[in-house]
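The following report introduces a protein structure to a reader who has not met it before. Please keep the sequence and the three-dimensional view at hand while reading.

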Amino acid sequence: MPSGHCLCGQLRFVADGDPKWVVYCHCASCRRHTASPVACFVNYPLARVQFTGTRTTYESSPGVTRSHCATCGTPIAYETARRPGEIDLYLNAFDEPERFEPQAHVYFEEHLPWFDTRDEKPRLPRT
């Protein structure tokens, strides 16, 4: 089963089965949350993900909750009221991120003009 953890190891998760999808997100909020030019998410039904440890949440905008480790602050997940019952886990929180290849880019209209992944994946304006 795919699993992952935060930087300090206090917060861990296990996901059951294969993800619904994997995408790069170029929106300014995700870039700011990760301090990176792009974020990458692995989507699962929330019922198929189990956490151990203390996960802290933050409502970053109406209907959007981001979570991170309560100890070290590692970003772990994104949840939105637009997709209830789903959770987007940050790719690099997984123990084996290489298992998940992104299928598309979302919020591409917000991408940084100097950043390019140089792939042929679809570039969608929004999700």
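Ser67 is in contact with His33, Arg55, Thr56, Thr57, Thr74, Pro75, Ile76 and Ala77, once its neighbours within four places in sequence are left aside. The model in which these contacts appear is a predicted one. Ser67 belongs to strand β7, and its relative accessibility of 1% places it among the buried residues. The side chain of Ser67 also makes a polar contact of 3.1 Å with the side chain of Arg55.

Thr74, one of the contacts of Ser67, lies in the loop between β7 (64-69) and β8. Thr74 counts as buried, at 18% relative accessibility. Apart from neighbours within four places in sequence, the residues in contact with Thr74 are Cys6, Leu7, Ser67, His68 and Cys69.

**The sheet**

Strand β7 is part of an open sheet of seven strands, arranged in the order β6-β7-β8-β9-β4-β3-β10 with mixed pairing. At the edges are β6 (55-61) and β10 (104-106), each of which pairs on one side only. From one strand to the next, the twist averages 30 degrees.

Within this sheet, strand β3 (residues 21-25) and strand β4 (residues 39-45) run antiparallel and are joined by five bridges. Val22 has Val42 of β4 standing opposite.

**Salt bridges**

How many salt bridges does a search of the whole structure find? The search finds seven. Three of them are set out below.

| Salt bridge | Closest N to O |
|---|---|
| Lys20 and Glu86 | 2.9 Å |
| Glu79 and Arg55 | 3.1 Å |
| Arg83 and Asp88 | 2.7 Å |

The bridge between Lys20 and Glu86 links distant parts of the chain, for Lys20 sits in the loop between β2 (12-15) and β3 while Glu86 is in strand β9 (residues 86-90), 66 residues apart. The two partners are not alike in burial. Lys20 has a relative accessible area of 46% and is partly exposed. Glu86 has a relative accessible area of 15%, and because buried means under 20%, Glu86 is buried.

Glu79 and Arg55, whose side chains meet in a salt bridge, also link distant parts of the chain: Glu79 is in strand β8 (residues 75-80) and Arg55 in strand β6, 24 residues apart. Glu79 counts as buried at 18% relative accessibility, whereas Arg55, at 27%, counts as partly exposed. Arg55 is thus a partner both in this salt bridge and in the polar contact with Ser67.

Arg83 forms a salt bridge with Asp88. Asp88 is buried, with a relative accessible area of 2%. Through salt bridges that share partners, Lys20, Arg83, Glu86 and Asp88 are joined into one network.

**Aromatic pairs**

The structure holds six aromatic pairs. In one of them, the ring centres of Phe41 and Tyr90 are 4.6 Å apart and the planes stand at 35 degrees, so the pair is tilted. Phe41 is in strand β4 and Tyr90 in strand β9, which places the two partners in distant parts of the chain, 49 residues apart. Are Phe41 and Tyr90 buried or exposed? Both are buried.

A further tilted pair is formed by Phe94 and Phe100, with 4.7 Å from centre to centre and 55 degrees between the planes. Phe94 counts as buried at 4% relative accessibility, and Phe100 is buried as well, with a relative accessible area of 8%. Phe94 and Phe100 belong, together with Phe13 and Phe51, to one aromatic cluster.

**Backbone angles with a positive phi**

Two residues other than glycine may be noted for the sign of phi. For Ala35, phi is near 55 degrees, a positive value. Ala35 lies in the loop between α1 (28-34) and β4, and at 75% relative accessibility it counts as exposed.

For Tyr107, phi is likewise positive and near 55 degrees. Tyr107 is found in the segment after β10. With a relative accessibility of 12%, Tyr107 counts as buried, while Ala35 counts as exposed.

Definitions and conventions: Residues are numbered from 1 along each chain as its sequence is written. This is a predicted model: local features need pLDDT of at least 70, side-chain atom pairs count only at pLDDT 80 or more; totals for chains, interfaces and linings use all residues. Side-chain values use heavy atoms; hydrogens and water are left out. Two strands pair if DSSP finds at least two bridges between them. Helices (H or I, at least four residues) and strands (E, at least two) are DSSP runs, numbered from the N terminus. Axes are lines fitted to C-alpha atoms, for helices over the stretch in contact, and angles run from 0 to 180 degrees between N-to-C directions. A salt bridge is a side-chain nitrogen of Lys or Arg within 4 Å of a carboxyl oxygen of Asp or Glu. Buried means under 20% relative accessible area, exposed over 50%, partly exposed in between (1.4 Å probe, protein chains only). Contact means heavy atoms within 4.5 Å. A polar contact is a pair of N or O atoms within 3.5 Å; within protein, one must be able to donate a hydrogen and the other to accept it, and residues adjacent in sequence count only if both atoms are side-chain atoms. Rings of Phe, Tyr and Trp (its six-membered ring) pair if their centres lie within 6.5 Å; planes under 30 degrees apart count as stacked, over 60 as edge-to-face and the rest as tilted.
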